[in-house]
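These are my notebook entries on a structure that I looked up residue by residue. The sequence and the structure come first.

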Amino acid sequence: MNYLRIWLAGARYSIVRTLMFRFDFFLWAMVELFWMGVNLLLIQVIYEHTDTVAGWGKYEMLLLVGTSMIMQRFIMGFFWSNFFEMSRNIRTGNFDFFLAQPGNPLFMVTTRKIDPDSLANSLVALGVILYAAHKLNLHPGAGDIALYALLILCGLVIHYSILVMASSLTFWTTGGQGLEGSYFTLMEFSRLPREAFRGVSRVVFVWLLPVVIVSNVPVRTLLHGFDPALAGWLVVVSAAWLTLAVLVFHRGLRRYASASS
Amino acid sequence: MLSPLNKYRHAFLVGLQSNIVYRWNFLIRGFFSMFQLVIVFILWGAVYGGKADVGGFDFHATITYFVVLIVLQFFIGAFNEDYQISEEIRNGLINQFLLKPINYFCYRFSIFTSARVVSGSLVLVPLLVILPLIKDNLVFPHEGWRLALGLPAVALAGLIQFSIAYCFGLLTFWFLEIQGFVILSMAVESLLGGQMFPLDLMPAGLFRLAQFLPFYYQMYFPAAIFTGRIGLASATQGLGIQVVWALVLLAVNQLLWNRGLRRHTAVGG
């Protein structure tokens with residue numbers, strides 16, 4: 001309950017800030033909208049030339065891309081700037097500030113700010129999902145929708161864990177280069193259907209790194225109904241990655257020497 | 001006549017040294033590009049999925065196109081030149097160039113060239129590593145004119161890439177933060193430059209339209225010449241349009257520079 005109040009205070013601060021820099025809000029919302037448009041156009045162009053990609057039709061693919069988008073918007077909206085600043089703060093020593101706060105340091109560090117522009121665009125992603133579902137003539141019941149939401153939540157946990165680990169690397173390297181690049185590259189994998197992966201790539205990207213199942217499992221649930229094995233796997237994997245992330249973060253924290261210059 | 005060239009030759013050599021310092025950054029970026037290639041393989045492998053051709057080209061031709069794009073990206077693509085220029089304007093470092101007989105554009109372009117020599121050579125390392133895995137997918141047409149027209153097209157594409165980055169850097173005279181503009185234009189550039197998909201897969205009307213925009217000439221055009229996606233007639237015509245765009249962008253740069261300097265308050269330095 002206490003943490004919720006802290007988070008709400010941070011969110012309020014972020015919204016006030018956004019209202020102060022309105023031009024920035026519109027500009028960044030446009031930036032994201034453009035990138036989402038680029039990805040939708042890719043789908044459009046590909047399906048001009050073929051009817052199925054790895055067994056997925058156009059609107060099934062659109063559902064996948066929409067699902068991947070909404071997850072990315074949530075990650076961007078709730079966490080991204082916090083992670084971006086975390087690496088910087090570790091390098092400069094400003095990280096001290098968070099350790100001095102009376103609360104779980106991981107929570108304090110990763111939830112301080114939100115980005116309303118990304119959250120606004122999650123509505124656009126939701127629009128894509130609804131449009132695709134409409135075209136596919138899907139009529140999910142309340143249970144299906146709740147399950148879909150739960151699986152998306154698992155996906156968010158996995159993304160969050162990956163970001164925690166990537167940012168925690170700064171404790172060791174103090175370089176922190178390439179975090180953005182590597183994360184966005186991983187995100188691209190989540191827009192691909194699982195069936196497209198074969199051989200080694202299947203082992204690495206579907207089973208070892210959970211970057212493909214985060215988006216594929218929720219979408220499959222909407223398309224083909226509940227698959228307990230697959231959904232269970234996603235829940236277990238997200239719990240495992242979160243645990244690993246927390247461990248790595250605390251390991252790193254022990255190394256933190258409050259560097260300053 | 002020789003002394004101005006000499007000036008920028010030195011800028012180039014200094015740039016070469018300072019960019020070699022960042023060799024690891026470029027190398028890591030190069031290795032990450034190989035992940036991009038994995039995505040290309042998986043996505044387009046699934047798109048072809050038993051089909052012999054998509055839009056008139058087979059799977060190998062499409063893979064070759066994307067490999068060439070990655071190489072071009074490291075040899076002529078603008079990386080963070082816009083931010084560097086923005087930084088120099090913001091913290092007053094450009095003041096020194098206003099007092100010396102140095103053309104800031106030429107100076108920056110020399111540094112850009114040296115940076116691309118370094119990053120271009122370094123991307124060959126990861127490519128050589130994975131070459132045994134992909135070499136069966138690489139198919140190049142053999143006509144001699146492709147090299148004769150392709151190389152000038154690459155040079156002009158580099159000039160266009162840099163000019164666009166330079167324009168965005170100069171926006172700092174008017175705006176404090178240019179990051180939003182830069183990422184916005186990145187979306188447009190990667191789409192209309194052909195980095196998301198080969199532009200010829202677009203509907204014919206849109207493809208025709210794209211040929212009149214500068215983005216077509218900053219990436220897709222040279223890659224399409226080398227990989228056989230366009231013929232001799234459209235290559236020669238394209239080269240003409242490319243020259244026009246390079247000149248237009250140079251003029252815009254000059255205009256922004258003159259206008260911007262009037263607003264410049266030369267803080268710091």
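Which residue forms a salt bridge with Arg90(B)? I found that the partner is Glu177(B), with the closest N and O atoms 4.0 Å apart. I located Glu177(B) in the loop between helix 7 and helix 8 of chain B and Arg90(B) in helix 4 of chain B, so the pair ties together parts that are 87 residues apart in sequence. Glu177(B) has a relative accessibility of 47% and so counts as partly exposed. Arg90(B), at 33%, also counts as partly exposed.

Confidence. I note that the model is predicted. For chain B, I read a mean pLDDT of 91, with 98% of the residues at 70 or more. Within chain B, confidence is lowest in helix 1 (residues 2-20), at a mean of 85, and highest in helix 10 (residues 220-227), at 96.

Other salt bridges in chain B. I next looked up Glu88(B), whose side chain meets that of Arg108(B) in a salt bridge (2.8 Å, N to O). Glu88(B) belongs to helix 4 of chain B and Arg108(B) to helix 6, so this pair ties together parts 20 residues apart in sequence. I recorded both Glu88(B) and Arg108(B) as buried.

I then found a salt bridge between the side chains of Glu81(B) and Arg116(B) (3.3 Å, N to O). This pair links distant parts of the chain, with Glu81(B) in helix 4 (residues 81-90) and Arg116(B) in helix 6 (residues 104-134), 35 residues apart. Glu81(B) and Arg116(B) are buried.

Helix 7 of chain B. I examined residues 144-170, a helix of 27 residues that reaches 40 Å from its first C-alpha to its last, close to the 39 Å expected. I noted a bend of about 25° at Gly150(B), with Pro152(B) following within four residues. Of the 27 residues in helix 7 of chain B, 20 are buried, so the helix is largely enclosed by the rest of the structure.

Chain A. I turned to the surface and found a nonpolar patch formed by Met30(A), Leu33(A), Phe34(A) and Val124(A), with about 300 Å² of accessible area together. Helix 2 (residues 22-49) of chain A supplies the largest share, three residues. Val124(A) lies in helix 6 (residues 116-135) of chain A; its relative accessibility is 36%, so I entered Val124(A) as partly exposed. I also found Glu85(A), Arg112(A) and Lys113(A) linked in a network of salt bridges.

Tally. Over all chains, I entered a count of ten salt bridges.

Conventions
Residues are numbered from 1 along each chain as its sequence is written. Chains are lettered from A and ligands numbered from 1 in the order in which they are written. This is a predicted model: local features need pLDDT of at least 70, side-chain atom pairs count only at pLDDT 80 or more; totals for chains, interfaces and linings use all residues. Side-chain values use heavy atoms; hydrogens and water are left out. Helices (H or I, at least four residues) and strands (E, at least two) are DSSP runs, numbered from the N terminus. The expected span of a helix is 1.5 Å times one less than its number of residues. The bend at a residue is the angle between axes fitted to the seven residues ending there and the seven starting there. Buried means under 20% relative accessible area, exposed over 50%, partly exposed in between (1.4 Å probe, protein chains only). pLDDT is the predictor's confidence in each residue, from 0 to 100. Patches are made of residues with over 30% relative accessible area and no salt bridge: like charges are joined within 9 Å, nonpolar side chains (Val, Leu, Ile, Met, Phe, Trp, Tyr) within 5 Å. Accessible areas come from the Shrake-Rupley method with a 1.4 Å probe; for residues, only the protein chains shown count as cover.
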